[in-house]
Amino acid sequence: MERTFVMLKPGVLQRRIIGEIMHRLERKGLKIIGLKMLRLDKTTAETHYAEHRGKPFYQDLVDYTCSGPVTAMIIEGEEAIATVRRLIGPTNVKDAPPGTIRGDFAAKTMLNMVHASDSKPSADREIGLFFKAEELCPWEDGNKEWF
Ligand code: CMP
């Protein structure tokens with residue numbers, strides 16, 4: 001079992017597709033074990049995206065991420081990190097095939113709907129940045145043999 005961090009960006013709320021995206025993750029058999037909406041302050045957004053500091057899109061990315069509420073999730077499942085990234089599709093929306101979240105809903109890379117951790121160290125760091133330990137809600141999966 002693996003845990004990963006998923007953040008639905010402010011545009012998802014505007015487009016009214018939070019449910020659609022969560023539905024896709026759930027249908028795959030992934031478990032939501034942490035969920036909240038929050039408005040990021042600049043420092044948290046800068047910390048979250050620190051690896052992109054200095055890139056041409058960095059300031060716009062931080063501004064966009066702080067422009068409205070995000071929906072933060074902790075997702076658990078077998079190979080959850082890779083599985084979620086496959087469902088989301090590549091960062092550059094021009095490369096994102098139909099059937100992926102970005103391929104189906106995003107037209108611009110900046111507005112690519114979803115952030116998901118790219119590795120175990122990133123997942124641990126991002127979960128720790130967005131969630132306190134007591135906010136996690138692990139649950140026993142009574143359906144796991146069907147997924
Ligand atoms: P995300 O997976 O959240 O990680 C970094 C984000 O930066 C990425 O999704 C995009 O929203 C944004 N991003 C990455 N590359 C570009 C780019 N070339 N132009 C605009 N935004 C980008």
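This tour moves through a predicted model, from one helix to the nonpolar cores, then to two pockets and a last residue to select.

**Helix H7**

Begin by selecting helix H7, residues 120–130, and colour Ser-122, Ala-123, Glu-126, Ile-127 and Phe-130, which are the buried residues to look for here. If you turn the view until you look down the axis of H7, these buried residues fall within an arc of 125 degrees, so they line one face of the helix. Pro-121 and Gly-128, on the other side of H7, are exposed. Now bring up the elements against which the buried residues of H7 pack: the strands are E1 (2–8), E2 (31–38), E3 (70–77) and E4 (114–116), and the helices are H3 (42–48) and H5 (80–88).

**Helix H5**

Select H5 next, where the buried residues are Ala-80, Ile-81, Thr-83, Val-84 and Ile-88. These residues pack against E1, H2, E3, H6, E4 and H7, so that H7, the previous stop, comes into view again from its partner's side. Just after H5, select Gly-89, which takes a positive phi of about 95 degrees.

**The nonpolar cores**

The largest nonpolar core has 22 residues, and the ones to select are Val-6, Leu-8, Met-73, Ile-75, Val-84, Met-113 and Val-114, which touch the most other members. Two or more residues of this core come from each of E1, helix H2 (18–27), E3, H5, helix H6 (101–105) and E4, and H2 gives the largest share, four residues. For a second and separate core, of 16 residues, select Ile-33, Ala-45, Tyr-58 and Val-70, which are among its members.

Return to the largest core and centre the view on Met-73, which lies in strand E3 and is buried, with a relative accessible area of 0%. When neighbours within four places in sequence are left aside, Met-73 is in contact with Thr-4, Phe-5, Val-6, Leu-8, Met-22, Leu-25, Ile-32, Gly-34, Leu-35 and Phe-131. One of these contacts, Ile-32, is 41 residues from Met-73 along the chain, while the C-alpha atoms of the two are separated by 6.8 Å. Centre next on Val-84, whose contacts, with the same neighbours left aside, are Thr-4, Val-6, Leu-25, Leu-30, Ile-75 and Ala-116.

**Two pockets**

The largest pocket has a volume of about 380 Å³, and a good way to find its centre is to select Tyr-49, His-52, Thr-91, Asn-112 and His-115, the closest to it of the 21 lining residues. E4 and H7 each supply at least two residues of this lining, which by class holds six nonpolar, eight polar and seven charged residues.

The second largest pocket has a volume of about 310 Å³. To show its lining, select Met-1, Lys-28, Gly-29, Leu-30, Lys-31, Glu-76, Gly-77, Glu-78, Thr-83, Asp-141, Lys-144 and Phe-147, a set made up of three nonpolar, three polar and six charged residues. Thr-83 appears in this lining and is also one of the buried residues of H5.

**Thr-47**

Finish at Thr-47, which has its place in helix H3 and is partly exposed, with a relative accessible area of 36%. Not counting residues up to four places away in sequence, Thr-47 touches Arg-125 and Leu-129. For a long distance to display, join the C-alpha atoms of Thr-47 and Gly-29, which are 18 residues apart along the chain and separated by 31 Å.

Technical notes. Residues are numbered from 1 along each chain as its sequence is written. This is a predicted model: local features need pLDDT of at least 70, side-chain atom pairs count only at pLDDT 80 or more; totals for chains, interfaces and linings use all residues. Side-chain values use heavy atoms; hydrogens and water are left out. Buried means under 20% relative accessible area, exposed over 50%, partly exposed in between (1.4 Å probe, protein chains only). The arc is that of the directions from the helix axis to the C-beta atoms. Contact means heavy atoms within 4.5 Å. A nonpolar core is a set of buried Ala, Val, Leu, Ile, Met, Phe, Trp, Tyr and Cys residues joined through side-chain atoms within 4.5 Å. On a 1 Å grid over the protein atoms alone, a cavity is a set of points where a 1.4 Å probe fits but cannot get out, and a pocket is an open set with protein on both sides within 12 Å along at least five of seven lines; lining residues have an atom within 4 Å of a point. Grid points are joined across faces, edges and corners, and a volume is the space filled by probe spheres set on the points. Ala, Val, Leu, Ile, Met, Phe, Trp, Tyr, Cys and Pro count as nonpolar, Asp, Glu, Lys and Arg as charged, and the others, Gly among them, as polar.
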